[in-house]
Amino acid sequence: MNTKPKILITGGAGYIGSHTVVALLEGGFEPVIVDNYCNSQKWIMDQLKELTGQIIKEYTVDCTNLKELDTVFENETFAGVIHFAALKAVGESVSEPLKYYRNNVGSLINIIDLMSKYNVPNLVFSSSCTVYGEADYLPVNEQHPIKTAESPYGCTKQMCEQIINDCIKSKKLSRATILRYFNPVGANTSGLIGELPIGTPNNLVPFITQTAAGIRPNLTIFGDDYNTVDGTCVRDYIHVMDLADAHVKSLENMESKKESFTLNIGTGKGSSVLETVKAFEKVNKLKLNYKIGAKREGDIEQIYAETSLSEKTLGWKTKYSLEDAMRDAWKWQQYLDAK
Ligand code: NAD
Ligand code: UD1
């Protein structure tokens, strides 16, 4: 008899979702994926099968389609939901705000409605450190005020957090853990799954690996006269496998304590763009072609997480270093190039 708790993973074919599927299987859960593949590819399901040796159940469903999503909840008995499904391109959200509000906020409303209808108790939600804006102090803790969102994307994360908190208050939702991710990077150490950016990457690490692979002629570092250790911006880069693990711990924690939480998920360590490039070069024994360019509009100078609350609450700590992440990101890029 299969008694493993079944967990719905929306956006499970995506970057963080696919890594979390692996972590859930390792943690004794049965993941069920819902994805509409608007920012992922179906062959990731084969990769997951190769990596885990298991066939993972998946539904090709759009979370904004309440009727179709309802049939998934009707067919399965979930012990929890990890809601990754969202659009995440900050620039696109500025030019197409309604697409972002409809997709990101609409999906969450449907998920909560169905969790309520089918009595599913535990929700884990993907939020972002973007809710803090330019932090007033560092490391930034969960009590830091929420700043006016810089983009419609950031605004959807703030709105979703608010919706979740309102629904907990009204008892429409039993409990939730809101995870505010810092900068997820790297790939599964196997090199079989990783980030799949469509078109030119906006984020640093895929840009680094594509430059090293010769897909891009060079990386442009956006500004070197910030008030930081070496003048380049500072972020808290967290290995995606550590991040995935935090989701499993969040489910276990909520189930045992029957409470809701809002937690930072980062390493607590800031790294500059130049330090990140150097880590990539060192661990992979490569030289990266890069130049210093103009600042990117709207960039935060530096941000990194206060992690004591998440570590204490979840009994979780990061295991991987920035160099590990750079090694695994490169392994994944090489896998893609050979494919
Ligand atoms: P991703 O684009 O790789 O994965 C998202 C997945 O959701 C994709 O597979 C996409 O096809 C799917 N999806 C989107 N809208 C959907 C819908 N309406 N119905 C069904 N499926 C849908 O992104 P990711 O990096 O894995 O991010 C996962 C979550 O984490 C997102 O909510 C994102 O906003 C959040 N987040 C990501 C980062 C980051 O840097 N990657 C940082 C902070 C927060
Ligand atoms: C991005 C998202 C933000 C999200 C965060 C966490 C954007 C605009 N913002 O921001 O909403 O919360 O990730 O995952 O996408 N850099 C370069 N050259 C490049 C690319 C990036 O120098 O070609 C620098 C950036 O200036 C920044 C750092 O690298 O200082 C990291 O950039 P990026 O990966 O885009 O992450 P965030 O800026 O943190």
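This report walks through two ligand sites, a buried threonine and some unpaired cysteines in a predicted model.

## Around ligand 1

Let's start with ligand 1, which has 27 residues around it. The closest of these are Asp35, Asn39, Ser40, Asn103 and Tyr153. Sorted by class, the shell around ligand 1 comes out as 13 nonpolar, 10 polar and four charged residues.

What does the protein offer to the oxygen atoms of ligand 1? Tyrosine 15 brings a polar backbone atom, 2.9 Å from an oxygen atom of the ligand. Isoleucine 16 also uses its backbone, with an N or O atom 2.8 Å from an oxygen atom of ligand 1. Serine 40 works through its side chain instead, where an N or O atom sits 2.7 Å from a ligand oxygen. On its own, ligand 1 would expose 820 Å², and the protein buries 95% of that. Four elements give two or more residues to this shell: the helices α1 (15–26), α5 (97–117) and α6 (152–169), plus the strand β5 (122–128). Of these, β5 gives the most, with three residues.

## Around ligand 2

Now for ligand 2. Here 21 residues make up the surroundings, and Ser128, Thr220, Arg235, Arg296 and Asp299 are the closest. The class split for this shell is 12 nonpolar, six polar and three charged residues.

Which side chains reach an oxygen atom of ligand 2? Aspartate 299 is one of them, with a side-chain N or O atom 2.5 Å from a ligand oxygen. Serine 128 places a polar side-chain atom 2.6 Å from an oxygen atom of the ligand. For asparagine 183, the distance from a polar side-chain atom to a ligand oxygen is 2.9 Å. Taken by itself, ligand 2 exposes 720 Å², of which the protein buries 85%. The elements that supply two or more residues to the shell are β7 (183–185), α7 and β8 (219–222). The biggest share comes from β8, which gives four residues.

## A threonine in helix α7

Helix α7, one of the elements just mentioned for ligand 2, spans residues 204–212 and includes threonine 209. Is threonine 209 buried or exposed? Its relative accessibility is 5%, so threonine 209 counts as buried, the cut-off being under 20%.

So who keeps threonine 209 company? Setting aside neighbours within four places in sequence, its contacts are Phe280, Ala329, Trp330 and Gln333. With glutamine 333 there is also a polar contact, side chain to side chain, at 3.0 Å.

## Cysteines without partners

How many disulfides does the structure hold? The count is zero. Take cysteine 63: the closest cysteine sulfur belongs to cysteine 38 and is 9.3 Å away, which is too far for a bond, because a disulfide needs the two sulfur atoms within 2.5 Å. Cysteine 63 is buried too, at a relative accessible area of 5%.

Cysteine 160 is likewise in no disulfide, and the nearest cysteine sulfur, in cysteine 155, lies 9.6 Å from its own. Cysteine 160 has a relative accessible area of 1%, so this residue is buried.

Notes. Residues numbered from 1 in each chain as written. Chains lettered and ligands numbered in written order. Predicted model: local features only at pLDDT ≥ 70, side-chain atom pairs only at ≥ 80, totals over all residues. Heavy atoms only, no water. Buried < 20%, exposed > 50% of the residue type's maximum accessible area, 1.4 Å probe, protein only. Polar contact = N/O pair within 3.5 Å; in protein donor to acceptor, adjacent residues only side chain to side chain. Contact = heavy atoms within 4.5 Å. Near = heavy atom within 4 Å. Areas by Shrake-Rupley, 256 points an atom, 1.4 Å probe, with all protein chains shown as cover. Nonpolar A, V, L, I, M, F, W, Y, C, P; charged D, E, K, R; others polar.
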